[in-house]
Amino acid sequence: MSSPGLFDALRSNGAPTYYDSDKTPFMADILESGLIYAFVILAFSFFIILPGIRGKERIFVFIRVTVTLFIGGVIMLTNFGYEWEVAEAKNVRTKYKAGSAGEITADIAVYMGLRGINVTLKAEGENRGPFNETINYNEHFDWRWEQGRIGFGIFAGRFQQEFRSAQFRGTPLPVIWIAEYFIFDGEGIRWGRHYRQAGWYAHIMMWLALPLWILTIVLFFILLKYGAYFLMLTGGVMVIANILWATIRNVNELLIPFSAEHKLEFHFGPSFYLNLITGLLCIVLGVVIWILDLRFPELVTNFFGVDPLQDDNFIQGESFDTIEKKNGMEMSPVDNGKPNGSPHVNHRPPRTSEAAAAEDDDDDDDEIYEPPVFEPPPAPKAAKFEKRRSRGLTQRLQRPRRRPPPPVPDDNDPEDLYSNTRNPDQVHINMGYRH
């Protein structure tokens, strides 16, 4: 028989090394942690480019990115979070296992979300009583989304099946007692059914708020007015989710007693209030942006970094000359009357009085030999609600509808002066020509 060697540790009868399982409780929600990490990465990606932006625009971009990502992060975290309702009890004296008379003193908490509940049970040191083992449990029970049949069979709801599976695993009694309150479905004891329905409708509203939030970001680069509308709509949908959760849940408050002094009383948690406050904040911000866009359009467009002329309200009922005077710009004759980004500067040298008089004489001589030009009648005044650009485009593309001038009568023929009907050929000959 060989003596123990360097590689014989933790081996038995020559078999491979065996390590006992190290069971640890869930310290954090993996999905929730991943969502936080994703939005932090997005924020960091935008923040590292801020030094490349000059002036006040750097502050404007920082505010816009921070507020936008905060709203999106709240929508996702509250949708998947498990703190819409919370109940906690400290130092609860309770039984631990079935078939054992030993008791423990533990901290019990229940965290409820839109998709289920998390039940935690923790006891340390002397509070473990006669049980020499780690007592740190975090059990999850999911109710998505069907109620199912009564019982615990294959056609029962998901919550009932997970409850029966926990019983077979030997889950501690306090966790089983709490979960049992959600499987009753009769008379006024229907907490599981009503919480499931409340979570179903609330999570639909949260999923609706996500695309509205994305459309809000897009519209703020196109039309600020509609971006403000969709921001208010996003906040309204988030608030509706809170209203649905608070109204559909059972009117009978859920109370789980362990003793006369220790009871689990449920109340709205951080996820509920965070979603409510963020929804109200979106509504207020949308109203403020909408009012500022009506009263101070230039300031709002500077903050969002968009072109003020892209908003129809900004050019409604105003001429381009009025807009350019406000912006300190002039028309450039090279661009056919289109506004330039900078004032037009005339680089021609100043004319002397003699040169100006000579040019005026030349213009008078040219006017003598030039044929007369008939100016078209002025276009009718458009309605106030019609866009300036649409009127200009219509006038440029619309064909003239003036009738040809009447033929010149022949002085040698007196009957032609009083005749209303003529030969078309004669009309063509006499059109503007005299023989």
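1. In this predicted model, Asp107 stands opposite Lys122, a residue of strand β3. Lys122 in turn stands opposite Asn136 in β4, and these two pairings offer a convenient way into the sheet. Six bridges join β2 to β3, and the two strands run antiparallel; they form a hairpin, with three residues between them. On the β4 side, eight bridges join β3 to β4, again in an antiparallel arrangement. As for its surroundings, β3 is mostly covered, since seven of its eight residues are buried.

2. In what order do the strands of the open sheet lie? Five strands take part, and their order is β4-β3-β2-β1-β7, with antiparallel pairing. The edges are formed by β4 (135–142) and β7 (267–268), each of which pairs on one side only. As general background, the strands of a sheet pair through backbone hydrogen bonds, and they may do so in a parallel or an antiparallel way.

3. Strand β1 (residues 85–95) and strand β2 (residues 103–112) run antiparallel and are joined by nine bridges. A specific pair to look for is Lys95 with its bridge partner in β2, Glu103. Two helices pack on the sheet, and they are worth examining one after the other. Helix α3 (residues 158–169) touches β3 (116–123) and β4, and its direction makes about 155 degrees with that of β4. Helix α4 (residues 173–180) touches β1, β2, β3 and β4, and its direction makes about 140 degrees with that of β1.

4. Is Ile108, a residue found in strand β2, buried or exposed? Its relative accessibility is 3%, and because buried means under 20%, Ile108 counts as buried. Leaving aside neighbours within four places in sequence, Ile108 is in contact with residues that include Ala87, Val92, Leu121, Pro174, Ile178, Phe258 and Leu264. Glu88 is also among these contacts; Ile108 and Glu88 are 20 residues apart in sequence, yet their C-alpha atoms are 5.9 Å apart in space.

5. Two packed helices are described by the angle between their axes together with the distance between those axes. For helix α5 (residues 191–219) and helix α6 (residues 224–248), the angle is about 170 degrees and the axes are 8 Å apart. Because angles over 145 degrees count as roughly antiparallel, α5 is roughly antiparallel to α6. Sorted by class, the contact of α5 with α6 has 24 nonpolar, six polar and no charged residues.

6. How do helix α7 (residues 270–295) and helix α8 (residues 297–304) pack, and at what angle? The angle is about 125 degrees, with the axes 5 Å apart, and α7 and α8 are therefore oblique to each other. At this contact, Ile289, Leu292, Asp293, Leu294 and Arg295 in α7 meet Pro297, Val300 and Phe304 in α8. By class, the contact of α7 with α8 has six nonpolar, no polar and two charged residues.

7. Some totals for the protein chain place these details in context. Its secondary structure comes to 12 helices and seven strands, and of its 435 residues, 31% count as buried. If one considers contacts between residues at least 6 apart in sequence, 60% of them join residues at least 24 apart. The chain exposes about 29,300 Å², of which carbon and sulfur atoms supply 59%.

Conventions:
Residues are numbered from 1 along each chain as its sequence is written. This is a predicted model: local features need pLDDT of at least 70, side-chain atom pairs count only at pLDDT 80 or more; totals for chains, interfaces and linings use all residues. Side-chain values use heavy atoms; hydrogens and water are left out. Two strands pair if DSSP finds at least two bridges between them. Helices (H or I, at least four residues) and strands (E, at least two) are DSSP runs, numbered from the N terminus. Contact means heavy atoms within 4.5 Å. Axes are lines fitted to C-alpha atoms, for helices over the stretch in contact, and angles run from 0 to 180 degrees between N-to-C directions. Angles under 35 degrees count as roughly parallel, over 145 as roughly antiparallel, 65 to 115 as roughly perpendicular and the rest as oblique. Ala, Val, Leu, Ile, Met, Phe, Trp, Tyr, Cys and Pro count as nonpolar, Asp, Glu, Lys and Arg as charged, and the others, Gly among them, as polar. Buried means under 20% relative accessible area, exposed over 50%, partly exposed in between (1.4 Å probe, protein chains only). Accessible areas come from the Shrake-Rupley method with a 1.4 Å probe; for residues, only the protein chains shown count as cover.
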